[in-house]
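Reader: I would like a close look at a single part of this model. Please set the scene with the whole chain before going into detail.

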Amino acid sequence: MLKWLIKYLPKHHEISNHKHLTWLGPALHRKELWHLNRRSVSCGVVAGLMVAFIPLPIQMLSAAAFSVLLGGNILIAIALTWVSNPFTFLPINYFIYKVGQFVTGDIAEFHVIEGFHSQGGDWINVLMQYIEWFKSLGKSILIGLPIVSIGAALTGYLLVNIFWKIITTIHPNIDKQTIKKQP
């Protein structure tokens with residue numbers, strides 16, 4: 001599986017020279033950000049899942065920056081932000097709301113915006129509808145979001161380490177080498 005990942009993941013130079021990531025500068029050239037070893041993968045999972053549930057369009061950039069701070073694999077972090085996507089957005093946010101509602105004891109109902117659409121490409125209208133919807137969810141979503149994000153990141157970290165331990169027990173040579181992406 002690792003060889004398959006190495007084959008299909010983007011090349012180091014493609015990511016480090018990307019116009020939207022140049023602000024990270026020389027930090028993108030650190031070797032641990034591109035290797036597939038236990039530490040870099042588990043830190044990449046933490047970085048990706050910490051920001052995956054934040055309902056903002058800057059998840060991938062945030063995951064890349066957070067991955068640089070943690071020394072995790074950038075590509076793993078970016079890929080995990082897609083846990084939250086247009087198909088999973090409502091179920092995930094409903095779950096986040098319910099967690100927050102459980103913690104706060106809030107009795108307000110979760111609702112979906114009716115008639116939520118872009119009128120002739122008016123993105124400001126769409127943004128304003130989204131902001132109003134998000135505000136209507138109140139403290140339940142604001143409390144549930146960090147709980148679910150931190151919980152998912154810790155669970156992902158533990159699962160990667162458990163999985164890595166199982167794999168290295170079966171194939172001891174994997175842990176003795178760092179599998180790195182060739183530039």
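What percentage of the 183 residues of the chain count as buried? Then take me through helix 3 and what it meets.

Author: This is a predicted model. Of the chain's 183 residues, 41% count as buried. The chain has eight helices and two strands. Along the sequence they follow the pattern α-α-β-α-α-α-α-α-α-β. Contacts in the chain with a separation of 6 or more are 67% from residues 24 or more positions apart.

Confidence comes next. Mean pLDDT for the chain is 79, and 69% of the residues reach 70 or more. Helix 3 has the highest mean pLDDT among the elements, at 94. Strand 2, residues 179–180, has the lowest, at 48. Over residues 179–183 pLDDT stays under 50. The model has 16 contacts beyond four places in sequence for that stretch. Where pLDDT is low, the predicted coordinates should not be read in detail.

Now helix 3 itself. It covers residues 38–52. At 1.5 Å a residue, its 15 residues should span 21 Å, and the end C-alpha atoms are 21 Å apart, so the two values agree. Helix 3 is mostly covered, with 12 of its 15 residues buried. The buried set includes the run from S40 through V41, S42, C43 and G44. V45, V46, A47, G48 and L49 are also buried, as are V51 and A52.

Take S40, which lies in helix 3. S40 counts as buried because its relative accessibility is 2%, under the 20% cut-off. Beyond its neighbours within four places in sequence, S40 is in contact with E32, H35, G71, G72 and N73. N73 is 33 residues away along the chain, yet the C-alpha atoms of S40 and N73 are separated by 5.0 Å. G71 is also the residue that follows helix 4, and its phi is positive, near 75 degrees.

That leads to helix 4, residues 59–70. The axes of helix 3 and helix 4 come within 8 Å. They cross at roughly 140 degrees. The crossing is right-handed. From helix 3, the residues in the contact are R39, C43, G44, V46, A47, G48, M50, V51 and A52. From helix 4, they are Q59, S62, A63, F66, S67 and L70. By type, this contact holds nine nonpolar residues, five polar and one charged.

Helix 4 passes the length check too. Its 12 residues, at 1.5 Å each, should span 16 Å, and the end C-alpha atoms are 16 Å apart, so this helix also agrees with expectation. The buried residues of helix 4 are Q59, A63, A64, A65, S67 and V68. They pack against helix 3 and against helix 5, residues 74–80. Q59, A63 and S67 are thus named both among the buried residues and in the contact with helix 3.

For contrast, look at I107. It sits in the loop between helix 6 (89–104) and helix 7 (123–170). I107 is exposed because its relative accessible area is 74%, over the 50% cut-off. I107 and S140 are 33 residues apart in sequence, and their C-alpha atoms are 9.3 Å apart.

To return to the part you asked about: helix 3 is mostly covered, and helix 3 meets helix 4 in a right-handed crossing.

Methods. Residues numbered from 1 in each chain as written. Predicted model: local features only at pLDDT ≥ 70, side-chain atom pairs only at ≥ 80, totals over all residues. Heavy atoms only, no water. Axes fitted to C-alpha atoms, helices over the stretch in contact; angles between N-to-C directions. Helix = DSSP H or I, 4+ residues; strand = E, 2+ residues; numbered from the N terminus. Left-handed = near helix turned anticlockwise from the far one by under 90°. Contact = heavy atoms within 4.5 Å. Nonpolar A, V, L, I, M, F, W, Y, C, P; charged D, E, K, R; others polar. Expected span 1.5 Å × (residues − 1). Buried < 20%, exposed > 50% of the residue type's maximum accessible area, 1.4 Å probe, protein only. pLDDT = per-residue confidence, 0-100.
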